[in-house]
2 protein chains.
Amino acid sequence: MRISDLARRAGTTPRALRYYEEQGLLHPARLASGYRQYDEQALRVVRHIQLLLSAGLNTTAIAEILPCIPDDVTVLAPTCPELLDGLAAERARITRAMQQLGAARDVLDRLLQSDPR
Amino acid sequence: MRISDLARRAGTTPRALRYYEEQGLLHPARLASGYRQYDEQALRVVRHIQLLLSAGLNTTAIAEILPCIPDDVTVLAPTCPELLDGLAAERARITRAMQQLGAARDVLDRLLQSDPR
DNA sequence: CTTGACTCTCACGTCAACGTGAAGGTTTAG
DNA sequence: CTAAACCTTCACGTTGACGTGAGAGTCAAG
């Protein structure tokens, strides 16, 4: 699978995929021509990257987490133990972010409540 | 109340407060010396700004929303009707963001589940 | 009346996740 | 065999919410 195929299937751009590789998140094989070659597994990895990015993790944190995410999603990983503290901290950060989003949504709801429609 | 007092009470910096003013979010009075003078109400406004910023709204959107938020929080605002669509869109965006955060947290939870402690 | 802690207004720097050409090689359909 | 449509590697540009001095005025205490 070539870069723009994967980009299309993941709903992103070739540039983003090259950037992920530059940050150590993807490691595609290379053809003799230099073209990047992605396998099916790469699509799931990219989806994980997008999810974690949208959760506010940066590429550095994701680079540490990704190797701990098993290929087969139904099987739990032998979690990298040195990351547990960091992961718990990120989890707490996400929970706080969700609470803040909820509070912000409540503010908007107070305004939308008097909707004349 | 001077700028660094408000900054301390709001857990932010003078620079951020000047930036908010530059973006039209705050309108402090000025002393003859040119010093900014903030009233108690300003603290609540700053908290609203922080909340909405953390929810992913930019200063432009917040500048439109703020005048619709009543001083007395217990009273609903006569909502600015032209903003309803934008507010609803932001609300939807926040809901999606919360869902993505939840999904990302689930990913982390799968990894944390095998915590040996 | 001076010193230290504020304050003011420019104005450039930062950081992360890409966007956007530039200049050139590769693949594939006709 | 050629032209379109890919791909490659630099490398600089963008965006938003500030950080960080620079240079200068202001205020409160001793």
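What covers the buried residues of helix 3 of chain B? The cover includes helix 5 (84-112) of chain A, together with helix 1, helix 2 and helix 4 (59-65) of chain B. Buried here means under 20% relative accessible area, with exposed over 50% and partly exposed in between (1.4 Å probe, protein chains only).

## Model and conventions

This is a predicted model, in which local features need pLDDT of at least 70, side-chain atom pairs count only at pLDDT 80 or more, and totals for chains, interfaces and linings use all residues. Residues are numbered from 1 along each chain as its sequence is written, chains are lettered from A and ligands numbered from 1 in the order in which they are written, and side-chain values use heavy atoms, with hydrogens and water left out.

Chain A has a mean pLDDT of 88 (the predictor's confidence in each residue, from 0 to 100). In chain A, 89% of residues reach 70 or more. Confidence there is highest in strand 2 (residues 36-37), at 98, and lowest in helix 5, at a mean of 89. Where pLDDT is low, the predicted coordinates should not be read in detail.

## Chain A

Chain A has five helices and two strands. Helices (H or I, at least four residues) and strands (E, at least two) are DSSP runs, numbered from the N terminus. From the N terminus on, the order is α-α-β-β-α-α-α.

Chain A has 117 residues, and 41% of them are buried. Contact means heavy atoms within 4.5 Å. Among contacts in chain A between residues at least 6 apart in sequence, 45% join residues at least 24 apart.

## Helix 3 of chain B

Helix 3 of chain B covers residues 40-54, 15 residues in total. From first C-alpha to last, the helix reaches 22 Å. That is close to the 21 Å expected at 1.5 Å a residue, where the expected span is 1.5 Å times one less than the number of residues. Just after helix 3 of chain B, G56(B) takes a positive phi of about 95°.

The buried residues of this helix are A42(B), L43(B), V45(B), V46(B), H48(B), I49(B), L51(B) and L52(B). Both chains help to cover them, with helix 5 of chain A among the covering elements.

## Two buried glutamates

E90(A) sits in helix 5 of chain A. E90(A) counts as buried because its relative accessibility is 18%. Leaving aside neighbours within four places in sequence, E90(A) is in contact with L57(A), A61(A) and L108(B).

E21(B) lies in helix 2 of chain B. E21(B) also counts as buried, because its relative accessibility is 19%. A polar contact of 2.5 Å joins its side chain to that of R36(B). A polar contact is a pair of N or O atoms within 3.5 Å; within protein, one must be able to donate a hydrogen and the other to accept it, and residues adjacent in sequence count only if both atoms are side-chain atoms. Beyond four places in sequence, E21(B) is in contact with L26(B), P28(B), R30(B), R36(B) and Y38(B).

## DNA strand C

DNA strand C is surrounded by 21 residues, the closest being T13(A), Y35(A), S4(B), R18(B) and R36(B). Sugar and phosphate account for 72% of the strand C atoms that come within 4 Å of the protein. A residue is near a molecule or strand if one of its heavy atoms lies within 4 Å of it. The surface near strand C has eight nonpolar, six polar and seven charged residues. Nonpolar means Ala, Val, Leu, Ile, Met, Phe, Trp, Tyr, Cys and Pro; charged means Asp, Glu, Lys and Arg; the others, Gly among them, are polar.

Helix 2 of chain A gives the largest share of this surface, four residues. A polar side-chain atom of T13(A) lies 2.8 Å from a phosphate oxygen of strand C. In S4(B), a side-chain N or O atom is 2.6 Å from a phosphate oxygen of the strand. Y35(A) instead places a polar side-chain atom 2.6 Å from a base nitrogen.

## DNA strand D

Around DNA strand D there are 20 residues, the closest being S4(A), R18(A), R36(A), T13(B) and Y35(B). Sugar and phosphate make up 68% of the strand D atoms that come within 4 Å of the protein. Helix 2 of chain B supplies the largest share of the surface, four residues.

Polar side-chain atoms lie 3.1 Å from a phosphate oxygen of strand D in R30(A) and 2.8 Å from one in Y20(B). For Y35(B), the partner is a base nitrogen of strand D, at 2.6 Å.
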